[in-house]
Amino acid sequence: MSLAQQRILIIGGSSGMGLASARRLIGAGADVFIAGRDAGRLQAAVQSLEGKAVGIAADTADPASLAALMDRAGRLDHLVLAAGGTPAWGPFAQTSAEALRRAIDSKLIGYWQSLQAALPRLRKDGSVVMLTGAASRVAMNGTAGLAAVNGGITQMAQTLARELAPLRVNVVSPGLVDTPAYDGMPAEAKAGMFAAAAKSLPVGRTGRSEDIAGAVELLIANTFATGVLLDLDGGARMPL
Ligand SMILES: NC(=O)c1ccc[n+]([C@@H]2O[C@H](COP(=O)([O-])OP(=O)(O)OC[C@H]3O[C@@H](n4cnc5c(N)ncnc54)[C@H](OP(=O)(O)O)[C@@H]3O)[C@@H](O)[C@H]2O)c1
């Protein structure tokens, strides 16, 4: 399907994989709206897209702000859910239920209420793409909280692919991707983590936002794709 003039909202579109998806979809001729909480970050993102997207501030934790976002965006053909959350990282024994609750609220419930808010505006046979995370697909120490949240989203998406049909609902599960999500880490720790991950992967490198953007475009454009879980993780699931 051609994406020309398709109206696509990317929540979490002001940074990382959401922003790369915006760039890619604009390149395919789509009319793109990007949303995120921080107005300054949105403005910078719109500038980096040469003004070819509309930026709208919204918080997936706040139903009123989601309703206002949908009012501004109007009729939609496709929705991309790429907002980050507050992940519950760390060894199971030391990760509190409160940390897990925050993680569920910020990502799983965030995606849930974003889709609920968008549904009345979303073309009946349009599509939704949700970004989850490889921690729910590969057993790694210290990622039970990430697994719980992203695994929940994956399962919810597969049920919705049936319940909301003919709307198509698909998931991309990224492995480690170098995005501003890691800007808060000390540079040396970040470099060490990415180098170790690259060494362990069959592809010999970690992900780029553009790798994921290509998959987002594919799942939107391919009208035979629904209920798909696309692992884009450099082969992280392959046993060593
Ligand atoms: N990077 C990785 O290695 C990796 C791996 C697996 C999965 N993922 C998942 O992939 C998705 C994209 O990650 P990324 O690395 O591209 O993240 P990123 O660069 O940190 O971008 C996150 C985007 O989400 C927006 N956002 C965060 N919380 C929001 C909220 N409550 N309401 C609305 N917008 C919100 C941010 O803008 P504001 O902060 O201004 O709101 C920003 O636009 C996330 O769901 C992440 O969990 C990432």
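**Pockets, ligand and backbone of a predicted model**

Student: In this predicted model, which residues lie nearest the centre of the second largest pocket, and how many residues line that pocket?

Tutor: The second largest pocket has a lining of 14 residues, and those nearest its centre are G207, D211, L232, D233 and G234. Its volume is about 180 Å³, and the lining divides into six nonpolar, five polar and three charged residues.

Student: What makes a residue such as G207 or G234 count as part of that lining?

Tutor: A lining residue must have an atom within 4 Å of a point of the pocket, and G207 and G234 are among the 14 residues that line the second largest pocket.

Student: Turning to the ligand, which residues come nearest to it?

Tutor: There are 29 residues around the ligand, and S14, S15, R37, T179 and Y182 come nearest. By type, the shell around the ligand holds twelve nonpolar, twelve polar and five charged residues.

Student: Why is the approach of T179 to the ligand called a polar contact?

Tutor: The term requires a pair of N or O atoms within 3.5 Å; an N or O atom in the side chain of T179 is 2.5 Å from an oxygen atom of the ligand, so the pair meets the definition of a polar contact. A polar side-chain atom of K107 lies 2.9 Å from a ligand oxygen, while for M17 a polar backbone atom is 2.8 Å from an oxygen atom of the ligand. The protein covers 89% of the 890 Å² of accessible area that the ligand has on its own, and the elements giving two or more residues to the shell are α1 (16-27) and α4 (97-118).

Student: How do you know that the size of the protein chain agrees with that of a compact globule?

Tutor: A compact globule of 240 residues would have a radius of gyration near 18 Å, and the protein chain has 17 Å, so the two agree. Along the principal axes, the C-alpha atoms fill a box of roughly 45 × 35 × 35 Å. The chain contains seven helices and seven strands, following the pattern β-α-β-α-β-α-β-α-β-α-β-α-α-β along the sequence.

Student: What makes the peptide bond from A165 to P166, and the phi of Q5, worth pointing out?

Tutor: Most peptide bonds are trans, and most residues other than glycine have a negative phi. The bond from A165 to P166 is cis, with omega near 15°, and P166 lies in the loop between α5 (144-163) and β6 (168-174). Q5, a residue other than glycine, has a positive phi near 65° and is found in the segment before β1 (7-11).

Terms used. Residues are numbered from 1 along each chain as its sequence is written. This is a predicted model: local features need pLDDT of at least 70, side-chain atom pairs count only at pLDDT 80 or more; totals for chains, interfaces and linings use all residues. Side-chain values use heavy atoms; hydrogens and water are left out. A residue is near a molecule or strand if one of its heavy atoms lies within 4 Å of it. A polar contact is a pair of N or O atoms within 3.5 Å; within protein, one must be able to donate a hydrogen and the other to accept it, and residues adjacent in sequence count only if both atoms are side-chain atoms. Accessible areas come from the Shrake-Rupley method with a 1.4 Å probe; for residues, only the protein chains shown count as cover. Helices (H or I, at least four residues) and strands (E, at least two) are DSSP runs, numbered from the N terminus. Ala, Val, Leu, Ile, Met, Phe, Trp, Tyr, Cys and Pro count as nonpolar, Asp, Glu, Lys and Arg as charged, and the others, Gly among them, as polar. On a 1 Å grid over the protein atoms alone, a cavity is a set of points where a 1.4 Å probe fits but cannot get out, and a pocket is an open set with protein on both sides within 12 Å along at least five of seven lines; lining residues have an atom within 4 Å of a point. Grid points are joined across faces, edges and corners, and a volume is the space filled by probe spheres set on the points. The radius of gyration is taken over C-alpha atoms; the globule rule is 2.2 Å times the number of residues to the power 0.38.
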